[in-house]
Amino acid sequence: MEINSTGLLPEALVIDLPEIDAQHEEIFQRIESLKGACFGSEPISFSAFDRLLDYLEHHFNTEKRIAREVGIDFLDHDAVHRENLQSLRKAFDEVRNGARDVHSFLRYAEYWFERHISEEDKPFAASVRGRKARPANSMPAAASII
């Protein structure tokens, strides 16, 4: 999959898994688009925020699929995804209920996402690349269980 680059995915956050990098770029694009919409004079569309969160869930499922395809343990990373998505949904519910403003939510989401790529996705990508580099007959038998 080719990255449809708008230049929003910082080079330091590219993990060299094209499908995932393209999704990361898309998520940054969606956050940036929401930032722009929040500074306009029209009412904010909460459905656009819901679509961002739904896309994050889709992205997390893509990572899970890739992990399954190459036979790496994804339990801990998957737990981080579930916790993060729950936190983001809770923070957005605060926006919806008027307890948090959209700007603070977007700053939080963007910071969280950058940190997640650096701390969780980069090691995940290294594991995927390492597993792909190994000959098929050298994979441990337990890898096929996942």
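Here are some short exercises, each with a worked solution, on the predicted model shown above.

**Exercise 1. Work out which elements make up the chain and in what order they come.**

Let's start with the count. The chain has four helices and zero strands. Next comes the order: reading from the N terminus, you get α-α-α-α. Now look at how the chain folds back on itself. Take the contacts between residues at least 6 apart in sequence: 66% of them join residues at least 24 apart. Finally, check the burial. Of the 146 residues in the chain, 38% are buried.

**Exercise 2. Find the residues that touch the most other members of the largest nonpolar core, and say which elements feed this core.**

The core has 36 residues, and Phe49, Leu56, Phe105 and Phe124 are the ones that touch the most other members. Two or more residues come from each of α1 (18–38), α2 (46–70), α3 (75–96) and α4 (102–133). The top contributor is α4, with 10 residues. There's a general pattern to keep in mind here: nonpolar side chains tend to be buried together in soluble globular proteins.

**Exercise 3. Decide whether Phe49 is buried or exposed, then list its contacts beyond four places in sequence.**

Step one is to place the residue: Phe49 is in helix α2. Step two is the burial call. Buried means under 20% relative accessible area, and Phe49 has 1% relative accessibility, so Phe49 counts as buried. Step three is the list of contacts. Setting aside residues within four places in sequence, Phe49 is in contact with Leu34, Cys38, Ile44, Phe92, Val102, Phe105 and Leu106. To add a distance, the C-alpha atoms of Phe49 and Ile31 are 8.7 Å apart, with their positions 18 residues apart in sequence.

**Exercise 4. Follow Ile31 and Leu53 to partners far along the chain.**

Begin with Ile31, which is in helix α1. Ile31 is buried, because its relative accessibility is 2%. Beyond four places in sequence, Ile31 touches Leu52, Leu106, Ala109 and Glu110. Pick Glu110 from that group: Ile31 and Glu110 are 79 residues apart along the chain, yet their C-alpha atoms are separated by 7.1 Å.

Now do it for Leu53, which has its place in helix α2. With a relative accessible area of 2%, Leu53 is buried. Not counting residues up to four places away in sequence, Leu53 touches Leu85, Leu88, Arg89, Phe92 and Phe105. For Arg89, the sequence gap from Leu53 is 36 residues and the C-alpha to C-alpha distance is 7.3 Å.

**Exercise 5. Compare the surroundings of Phe124 and His81.**

List the contacts of Phe124 first, leaving out residues up to four places away in sequence: Leu17, Glu63, Ile66, Ala67, Ile72, Phe74 and His77. Then turn to His81, which is in helix α3. His81 has a relative accessible area of 2%, so His81 is buried. With that sequence limit applied, His81 touches Phe60, Glu63, Phe74, His116 and Asp121. Put the two lists side by side, and Glu63 and Phe74 turn up in both.

**Exercise 6. Look for ring pairs, and for charges that sit over rings.**

The structure holds eight aromatic pairs. Ring pairs join Phe28, Phe60, Trp112 and Phe113 into a cluster. For the charges, try Arg30: its charged end sits over the ring of Tyr55, at 4.2 Å from the ring centre. Then try Arg100, which lies over the face of Tyr108, 5.7 Å from the ring centre.

**Exercise 7. Describe the largest pocket and its lining.**

The volume of the largest pocket is about 190 Å³. Its lining has 12 residues, and Ser33, Leu34, Ala37, Ala48 and Arg51 lie nearest the centre. The elements giving two or more residues to this lining are α1 and α2.

**Exercise 8. Say what stands out about the phi of Asp16, and whether Asp16 is buried or exposed.**

Most residues other than glycine have a negative phi. Asp16 has a positive one, near 65 degrees. Asp16 lies in the segment before α1. Its relative accessible area is 54%, so Asp16 is exposed.

Technical notes
Residues numbered from 1 in each chain as written. Predicted model: local features only at pLDDT ≥ 70, side-chain atom pairs only at ≥ 80, totals over all residues. Heavy atoms only, no water. Core = buried A, V, L, I, M, F, W, Y, C linked by side-chain atoms within 4.5 Å. Buried < 20%, exposed > 50% of the residue type's maximum accessible area, 1.4 Å probe, protein only. Contact = heavy atoms within 4.5 Å. Phe/Tyr/Trp six-rings, centres within 6.5 Å; stacked < 30°, edge-to-face > 60°. Lys NZ or Arg CZ within 6 Å of the ring centre and 35° of its normal. 1 Å grid on protein atoms, 1.4 Å probe; cavity = no way out; pocket = protein on both sides within 12 Å on 5 of 7 lines; lining within 4 Å. Points joined across faces, edges and corners; volume = space filled by probe spheres on them.
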